[in-house]
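The following note is offered to a colleague who is meeting this structure for the first time. The points are numbered for ease of reference.

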Amino acid sequence: MSERSVRVSAATAVPPVAAPRPSDALAAPGATTTTETRAVTGTHVAPSPRPLGSVDRPTISFELFPPRNPQAAPRLWETVRALESVHPDFVSVTYGASGKTRETSRALVSRLLQETSLSPIAHLTCVGTSREEITTIVEEFLDEGVRSFLALRGDPPVGQDDWQAHPDGLATASELVGLLREIESRRCTASPAQAVRARVRPLSVAVAAFPRGNAATGGTRAQDVASLLAKQEAGADFAITQVFYDAEAYLGLVAEAREAGVVIPIIPGIIPATDPARLERVQALTGVPVPRALLETLASADDERERHRRGIRAGVDLINGILDGGAPGVHLYTFNTHGAALDLLEGADLDGRGRD
Ligand SMILES: Cc1cc2nc3c(=O)[nH]c(=O)nc-3n(C[C@H](O)[C@H](O)[C@H](O)COP(=O)(O)OP(=O)(O)OC[C@H]3O[C@@H](n4cnc5c(N)ncnc54)[C@H](O)[C@@H]3O)c2cc1C
């Protein structure tokens, strides 16, 4: 019996962490304190697997990044344990530009797989890497038991203006999707046992989508919809979007993508808008402008608690708008903290949207 199956069976005997009260996040500005109470302190008790068949709630997922240094690891693991309590459908783990975080990303994905109830998705990029190197990285992940990837082209490294593929590398995310499918197919052909395992746990490949076009590449929405269609044709299963701040940006992308023949689910990526400095940093990184009105609302708050409350309110309104418009779920950019992300979910009451 594997370590993982022992852990899962042990978890089934333990009742889940008490469900949060939906009113807390908005009513109590000290929301971080509220959510801290949900985190299991001391020895971790893995929550029971969620009875997925009985609740048709929207999907919940989170983005994490590998700790930047050993000192950052405890905070990340506190977040991981707290996020487990809401039974997310998956968590995705970023991959630094130029593969800078190759080892730390892999270590985090591996530990999430071995020691938690979470299903990790490993991000991959094509930056500065040959086809052969990417193949090795993918094989390593697959050997660890990772079955889900987010295939990205990636941005040029800092200091380099234009995107340039490695001379023996891949030029687009759709080529990476194709390579992932090719590697999996080769492994299944080489091993009948692997072919059976692949039937039980199929490879899942996600890709990026951009509600207003990818500002970082100067791409328009129409170009990015064309790119999304190419990713789907190469074998992508679903997409996760770049940050955006108005429901119309997401709903417009989905409408345009459907018109173009994109049928895969498009999951909205949401940033908890409670920290104006972070929003400005994300704007600098992605080129997605933060609405002035949102920044002013946050800036005019009397104190941190009120700023937090206003940011959560804005996020809940956004989530309600996209779910009402048909979004399948929400993917939250956590920045390796859980307070604001869990407060957003609590405010949006996703379980209340289930059909059971
Ligand atoms: C959810 C999410 C997670 C991310 N995680 C990471 C991460 O972990 N590490 C990291 O370094 N970066 C990450 N990024 C950033 C991402 O790598 C960059 O935004 C990158 O510029 C875009 O990559 P892509 O996968 O969309 O590339 P592609 O789809 O290959 O697109 C790149 C450019 O080529 C154009 N293009 C490609 N194919 C076509 C086509 N067939 N027709 C027309 N135009 C085409 C596109 O319009 C675009 O301008 C993430 C982005 C998102 C949205």
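1. In this predicted model, the buried residues of helix 7 are Ala 173, Ser 174, Glu 175, Leu 176, Val 177, Gly 178, Leu 179, Leu 180 and Glu 184. These buried residues pack against three strands and three helices, namely strand 3 (120-124), strand 4 (148-151) and strand 5 (204-209), together with helix 6 (131-144), helix 8 (192-200) and helix 9. The 18 residues of helix 7 should span 26 Å at 1.5 Å a residue, and the end C-alpha atoms are indeed 26 Å apart.

2. Helix 7 (173-190) also takes part in the surroundings of the ligand, since helix 7 and helix 9 (221-234) each supply at least two residues of the shell. The largest share, five residues, comes from helix 9. In total, 26 residues surround the ligand, and the closest are Thr 94, Arg 153, Thr 172, Ala 173 and Gly 219. By class, the shell has 13 polar, ten nonpolar and three charged residues.

3. Ala 173 also appears among the contacts of Ala 151. Discounting residues up to four places away in sequence, Ala 151 touches Leu 124, Ala 173, Leu 176, Val 177, Leu 180, Val 205 and Val 207. The largest nonpolar core has 81 residues, of which Ala 151 and Ala 239 touch the most other members. As a general tendency, nonpolar side chains in soluble globular proteins are buried together.

4. The strands form an open sheet of nine, in the order 7-6-5-4-3-2-1-9-8, with parallel pairing. Strand 7 (266-267) and strand 8 (269-270) stand at the edges with a single partner strand each, so one side of each has no neighbour in the sheet. At one of these edges, strand 7 pairs with strand 6 (residues 238-241) in the parallel sense over two bridges, and Ile 240 has Ile 267 as its bridge partner.

5. Strand 3 is largely enclosed by the rest of the structure, because five of its five residues are buried. Pro 120, Ala 122 and Leu 124 cover one side, while Ile 121 and His 123 lie on the other. Three bridges join strand 3 to strand 2 (residues 90-93), which runs parallel to it, and Val 91 stands opposite Pro 120. A further three bridges join strand 3 to strand 4, again in parallel; here Leu 124 stands opposite Ala 151.

6. Strand 9 (residues 329-333) is likewise mostly covered, with five of its five residues buried. Gly 329, His 331 and Tyr 333 point one way, and Val 330 and Leu 332 point the other way. Strand 9 pairs with strand 1 (residues 59-64) in the parallel sense over five bridges, with Ile 60 opposite Val 330. Two bridges join strand 9 to strand 8, also in parallel, and Leu 332 is the bridge partner of Ile 270.

7. What is the reach of helix 13 (residues 304-324) from its first C-alpha to its last? The 21 residues of helix 13 reach 30 Å, close to the 30 Å expected at 1.5 Å a residue. The buried residues of helix 13 include Arg 307, His 308 and Arg 309, as well as Ile 312, Leu 318, Ile 319 and Ile 322. Just after helix 13, Gly 326 takes a positive phi of about 110°.

Key:
Residues are numbered from 1 along each chain as its sequence is written. This is a predicted model: local features need pLDDT of at least 70, side-chain atom pairs count only at pLDDT 80 or more; totals for chains, interfaces and linings use all residues. A residue is near a molecule or strand if its C-beta atom, placed from the backbone, lies within 6 Å of it. Helices (H or I, at least four residues) and strands (E, at least two) are DSSP runs, numbered from the N terminus. Ala, Val, Leu, Ile, Met, Phe, Trp, Tyr, Cys and Pro count as nonpolar, Asp, Glu, Lys and Arg as charged, and the others, Gly among them, as polar. Two strands pair if DSSP finds at least two bridges between them. The expected span of a helix is 1.5 Å times one less than its number of residues. A residue is buried if 20 or more other C-beta atoms lie within 10 Å of its own, exposed if 12 or fewer, and partly exposed in between; C-beta atoms are placed from the backbone. A nonpolar core is a set of buried Ala, Val, Leu, Ile, Met, Phe, Trp, Tyr and Cys residues joined through C-beta atoms within 7 Å. Two residues are in contact if their C-beta atoms, placed from the backbone, lie within 7 Å.
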